[in-house]
Amino acid sequence: GKTELCKALEQQANTEKIVYSMITEAAQIVVGLETGALDFAFVDFSAAERFGEGGEAANHFCAEAIKTWGGNALFFNMSDKSVFKDNIALRKAVLYGIDRQAIIDGVFEGHAINPKTYGQTRYPDADPNWDNEDYFEYDPDYAKECLKEAGYAPGELSLKLMFPTSSYCNSMAEIIQAYLDMIGIKVEVLSYENALYNSYKTDPTQYDMMFNGSGGPGTITRIWNNQLNKNIYTSDGAYCAGFLNDPHLQELVETASNVDTNSVETTSAVHDYLIDQAYLMQLYVEEKCVVYNTDKIVKMCTNIDARQVPGASIYVWN
C-alpha cells in the first residue's frame, strides 16, 4: 500500500528475520553459500564463476556484477619542494605512461570501470560525453617526450609511490612501477598500514605520488569537494589532497559545487582543468559481485552504496 511505498529501502521488511555472518576468508564464503549456511554474499569474481550462468552451481544461484562508487586515484605531491610542483610535463609523463586498462585487467580481472574523469561519469552532474574524450589514454611515446621536456633523461628520476597496504593496492603499485620503468622513471613502492599512511599523507617528505581513495554516492562535486576543496580538506584551508593549492581550481570547484551554479558546464570546467593541468588521475572504479540463492531469493536488492539490503530484497514467498 501507500505506507509501504513511503518506506526507505533500509526500512522495508520482506522477511521476518535476518542473520548476518561475519566471514573474512573468501574461500569460506563460497563454502557457506554451497552448504546453505549463507543465502547471499559478496564473492570475489574469480570465485563466482561456478555460481554464474553455465557454472556448476548455476541451477541454485545467481551471480550479478554491481557497479560501485568507489575506487582509487593517483595524486602527486604538489608541495613547494616536490619535483611535480611546477612541472606539468613531468606530471603528464607519469599519467600518460600508465595503462589503466592493464590495471583493470591485471588486478581486477576486467571487473572494474575504466574511468574518464576524477570520479566517474555516472553522476547526474557529470557529462556522459566525457566517455568519448581523451582522459590520459596510455601513450608511452608521448610520455617519453614529456619526460624529456620535463628535464629528465631516462633512468635519471626515482619517485616514491605510497599507498595503504592491501593486496589490490600492492598489485596496482607493481603494475605502475613496471609501466613507468618502461618510459625511464624508477619507482619505489611504499606500503603502509592505514594509520601510518594517513599520517604520512600530511608529511610532504614521505612520498612523491600516492593512491588516494575516491568515491561515494551523490554528485561528482561531492567527491571533488572532499579532496579538492581546501576549505573542506584542511581546517585552516591551507591546501587540498596532495598539498595541491591552486586558487583557480578552488574557484572552479566552488562554482561547480554551488547549488545555484551547479551544471554540466561548471563541472566540465573542473574536469577540463584537471586534465589540462594533469593534477591527478582516477585509476579505476570498483565493481563487486553479489551471489544469492535463487531457491529463496528472486532478486537481491542493493542500495546506492552497492550494499546488500536483505529486508528490501524479493523472496520466493513475496
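Which residue in β7 does F40 stand opposite? Select F40 and look straight across: the residue facing it is Y292. Keep in mind as you click around that this is a predicted model.

**Stop 1: strand β7 and its partners**

Now select residues 280–293, which make up strand β7. Colour them by accessibility and you'll find a strand that is mostly covered, with twelve of its 14 residues buried. Next, bring up the strands that pair with β7.

- Start with β1, residues 40–42, which runs antiparallel to β7 over three bridges. The F40 and Y292 pair you just looked at belongs here.
- Move on to β2 (61–76). Its pairing with β7 is also antiparallel, over twelve bridges. For a spot to zoom in on, pick A63, which sits opposite V291 in β7.
- Finish with β3, residues 112–113, joined to β7 by two bridges in the antiparallel sense. Here I113 has V285 as its bridge partner.

While the sticks are on, a reminder about strands: in a regular strand the side chains alternate between the two faces of the sheet.

**Stop 2: the nonpolar cores**

Hide the cartoon and select V94, M209 and F211. In the largest nonpolar core, which has 75 residues, these three touch the most other members. Then add helix α7, residues 167–183: the largest share of this core comes from that helix, at eight residues. Apart from this core there is another one, of 13 residues, including V30, A41, A48 and A57. As background, nonpolar side chains in soluble globular proteins tend to be buried together.

**Stop 3: salt bridges**

How many salt bridges does the model contain? The count comes to seven. Select D39 and K296 to see one of them, with the closest N and O atoms 3.2 Å apart. This pair links distant parts of the chain: D39 is in the loop between α2 (26–35) and β1, K296 is in the loop between β7 and β8, and 257 residues separate them. Both ends are partly exposed, D39 with a relative accessible area of 26% and K296 with 35%.

Now go to K116 and E137, whose side chains meet at 3.5 Å, N to O. Both residues belong to the loop between β3 and α6 (140–149), 21 residues apart. Is K116 buried or exposed? Its relative accessible area is 15%, under the 20% cut-off, so K116 counts as buried. E137, at 28%, is partly exposed.

For a network rather than a pair, select E34, R50 and E56, which are linked by salt bridges.

**Stop 4: the loop after β2**

Jump to the loop between β2 and α4 (88–96), where you'll find S82. A polar atom of the S82 side chain lies 3.1 Å from the backbone nitrogen of F84. S82 has 12% relative accessibility, so it counts as buried. While you're there, select K85 and D80: their side chains form a salt bridge at 3.8 Å, N to O. K85 is partly exposed at 24%, whereas D80 is exposed at 67%.

**Last stop: a surface patch**

Switch on the surface and select V298, I314, V316 and W317. Together they make a nonpolar surface patch of about 400 Å². To place V298 in the fold, look for strand β8, residues 297–299.

Notes. Residues are numbered from 1 along each chain as its sequence is written. This is a predicted model: local features need pLDDT of at least 70, side-chain atom pairs count only at pLDDT 80 or more; totals for chains, interfaces and linings use all residues. Side-chain values use heavy atoms; hydrogens and water are left out. Patches are made of residues with over 30% relative accessible area and no salt bridge: like charges are joined within 9 Å, nonpolar side chains (Val, Leu, Ile, Met, Phe, Trp, Tyr) within 5 Å. Accessible areas come from the Shrake-Rupley method with a 1.4 Å probe; for residues, only the protein chains shown count as cover. A salt bridge is a side-chain nitrogen of Lys or Arg within 4 Å of a carboxyl oxygen of Asp or Glu. Helices (H or I, at least four residues) and strands (E, at least two) are DSSP runs, numbered from the N terminus. Buried means under 20% relative accessible area, exposed over 50%, partly exposed in between (1.4 Å probe, protein chains only). A polar contact is a pair of N or O atoms within 3.5 Å; within protein, one must be able to donate a hydrogen and the other to accept it, and residues adjacent in sequence count only if both atoms are side-chain atoms. Two strands pair if DSSP finds at least two bridges between them. A nonpolar core is a set of buried Ala, Val, Leu, Ile, Met, Phe, Trp, Tyr and Cys residues joined through side-chain atoms within 4.5 Å.
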